[in-house]
Amino acid sequence: MSQITIFKAKKIITMDPNCPEASHVAIRDGKILAVGGADCAEPWGGTQSRDDRLKDTVLMPGFVEGHAHMMAGAMWQYAYAGYHDRIDPDGKLWPGMQDIDAVISSLKTHEAALPADTPLVAWGFDPIFLPSARLNRHHLDQISPDRPVAVIFSNFHLMCVNSAALALAGYGPQTEAEGVLKDSAGAPTGELQEMAAMFPVMRRMGVDFRSLAQQEGSIRTYGEVAKRAGVTTITDLFSTMEPEDLEVMLKVTAEPGFPLRIVPAQGAIGATPEQIAAKAKSMAEQSTNKLRLGAVKLMTDGSIQGWTARVKWPGYVGGHPNGLWNTAPAQIYELCEVMHREGVQMHIHVNGDEAAEVSIAALEAAMRKNPWPGHRHVLQHCQMMGVDQFQRCAELGISANIFANHIWYFGDQHAALTIGEERAQRMDASRSALDAGVNITLHSDAPVTPLAPLVTAWCAVNRQTMSGRILGEAQRISVMEALHAITLGAAHTLKLEAEIGSIEVGKEADFAVLGADPTAVDPLALRDVPVLGTVSGGEVHLL
Ligand SMILES: [Zn+2]
């Protein structure tokens, strides 16, 4: 008979309404055998040992991040150019840069240390925080006139490159491509919007999401990033995994001590809908405990802070034209029909409310053709969705993964510069979604914003912006609702609620190890609750 280990904690918040609190949890074979008091495992007999390493901590179910990207760790091989201070996977703090000059001088330093034939890539930049002129190729030519330089924006939907990088992709005054911005003289400004415009430059600079994600080092760093955030199950929500990458993923995730369960969703691009569905189904068969395959991610529109999201009337304030489709509506309909018919779960990126509208209608049409009550399709971001759209999601069994971090990071900018005060007040409408009966979770979209589910929960609970104002009082949710969203709510969107998301008998022994009780602190202090590490499959990983 295998060994039983009993962990004692200051408090265990189980998220199981049948037994909401406990002091001890017993583990056998990586799973939860018993929950309760010191004697909870007594009826099981056998060899029992006690582990008191967590006795002064508060345990919760391991947090589940339903929308993040495996490059969250790997991005740190590039220069950081963001507005906010940020902590890398080793725990080092990188100060934010508050104007273009600071970005240029920091990137100059970085450039000086690069080997001659290496392009300079930076990430995390966001022009919406900078009141000065928009970043353009002339700025970046100051860093280097001949080395290709690319600054990827924090939303990963836009970038700005220097003249050498434009030349690499053959972009010039003759270029007529959507997303390649031009100045009044007809020359490219250096700003490239959305995937069709960005990919030709990225490819030639050797930057692609696959090479960033699908390396042993990137997968291990993802594990480190997750540990610091209390996360034990995470997605990779636009996976570009090829068959040879799968070998690497299977190997690393099966290593003893790997602290994370990864749920990739294959990006629905580069093949016919039938081929994408067939690949998803064959991947699903290769799933292991730590690697769950078979879902698909659809990209529809762009990003609101980049003005590339597709929004309904009256559009953007200040007269910005409506955004761009990464997948045209007709293709969205086709992809939804085929994936749904083939039994493939979809995660669908919708930032603007027009993108949500088209996606909900496409899913409804697919469901009328081929009923599938257990589909669990998920709309991702859902930032501008109104009560009407959430009610339709409830009717259709669609979950919503809400980008709550936007309220803090971009809320002031949305009110002033993108969609205006009224619609900003009801952005990321967790309250409306819950009241409509929709299963919700909340996400960081790391590396877009840092992976930290307690911070994300804090955003949905408090709705405070960077300027300190409350944006949309009526959309606040309770601490317990937010904690449910980052555990069981997220598990539900991944079809894993039978295995993870709460501390109850039979589930995986996955815990977030915390330094304080998130249900006992002032809700405004929720984001300050220290994460001390995780327990994954019964193995303790303290920081
Ligand atoms: Zn994303």
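User: What spacing do the donors of the zinc ion follow along the chain?

Analyst: The general idea: donors are N, O and S atoms within 2.8 Å of the metal (3.2 Å for Na, K and Ca), and water is not among the atoms, so sites may look incomplete. Here the zinc donors follow H-x1-H-x375-D. His67 (NE2), His69 (NE2) and Asp445 (OD) coordinate the ion, at 2.1 Å. Before we go on, this is a predicted model, where local features need pLDDT of at least 70 and side-chain atom pairs count only at pLDDT 80 or more, while totals for chains, interfaces and linings use all residues. Residues are numbered from 1 along each chain as its sequence is written, and side-chain values use heavy atoms, with hydrogens and water left out.

User: Where do histidine 67 and aspartate 445 sit along the chain?

Analyst: Helices (H or I, at least four residues) and strands (E, at least two) are DSSP runs, numbered from the N terminus. Histidine 67 is in the loop between strand 6 (63-65) and helix 1 (71-74), and aspartate 445 is in the loop between strand 21 (440-442) and helix 16 (453-462). The pair is 378 residues apart and links distant parts of the chain.

User: Are histidine 67 and aspartate 445 buried or exposed?

Analyst: Buried means under 20% relative accessible area, exposed over 50%, and partly exposed in between, using a 1.4 Å probe and protein chains only. Both histidine 67 and aspartate 445 are buried.

User: Which backbone oddities should I look at?

Analyst: Start with the cis peptide bonds. One runs from alanine 446 to proline 447, with omega near 10 degrees, and proline 447 is in the loop between strand 21 and helix 16. Another runs from tryptophan 313 to proline 314, also with omega near 10 degrees; proline 314 lies in the loop between strand 17 (295-299) and helix 10 (329-341).

Then check phi. Phenylalanine 156 isn't a glycine, yet has a positive phi of about 60 degrees. Look for phenylalanine 156 in the loop between strand 11 (149-153) and strand 12 (158-161). Histidine 381, in strand 19 (residues 378-381), has a positive phi of about 90 degrees, and isn't a glycine either. At 2% relative accessibility, histidine 381 counts as buried.

User: What does asparagine 351 touch?

Analyst: Contact means heavy atoms within 4.5 Å. Not counting residues up to four places away in sequence, the partners of asparagine 351 include Asp301, Ser303, His381 and Met384. A polar contact is a pair of N or O atoms within 3.5 Å; within protein, one must be able to donate a hydrogen and the other to accept it, and residues adjacent in sequence count only if both atoms are side-chain atoms. The side chain of asparagine 351 makes one with the side chain of glutamine 383 (2.9 Å). A polar atom of the asparagine 351 side chain also lies 2.8 Å from the backbone oxygen of glycine 302.

User: Which side chain makes a polar contact with the side chain of histidine 377?

Analyst: That's histidine 340, at 2.9 Å. Histidine 377 lies in the loop between helix 11 (353-369) and strand 19, and counts as buried at 0% relative accessibility.

User: How do I read the open and closed spaces?

Analyst: On a 1 Å grid over the protein atoms alone, a cavity is a set of points where a 1.4 Å probe fits but cannot get out, and a pocket is an open set with protein on both sides within 12 Å along at least five of seven lines; lining residues have an atom within 4 Å of a point. Grid points are joined across faces, edges and corners, and a volume is the space filled by probe spheres set on the points. There are 4 cavities of 30 Å³ or more. The largest cavity holds about 120 Å³, and of its 15 lining residues, His84, Arg86, Gly124, Ser154 and Val448 are the closest to its centre.

User: What is the volume of the largest pocket, and which residues lie nearest its centre?

Analyst: The volume is about 780 Å³. Of 30 lining residues, Ile87, Pro450, Leu451, Ala452 and Val455 lie nearest the centre. For chemistry, Ala, Val, Leu, Ile, Met, Phe, Trp, Tyr, Cys and Pro count as nonpolar, Asp, Glu, Lys and Arg as charged, and the others, Gly among them, as polar. The largest pocket's lining divides into 22 nonpolar, 2 polar and 6 charged.
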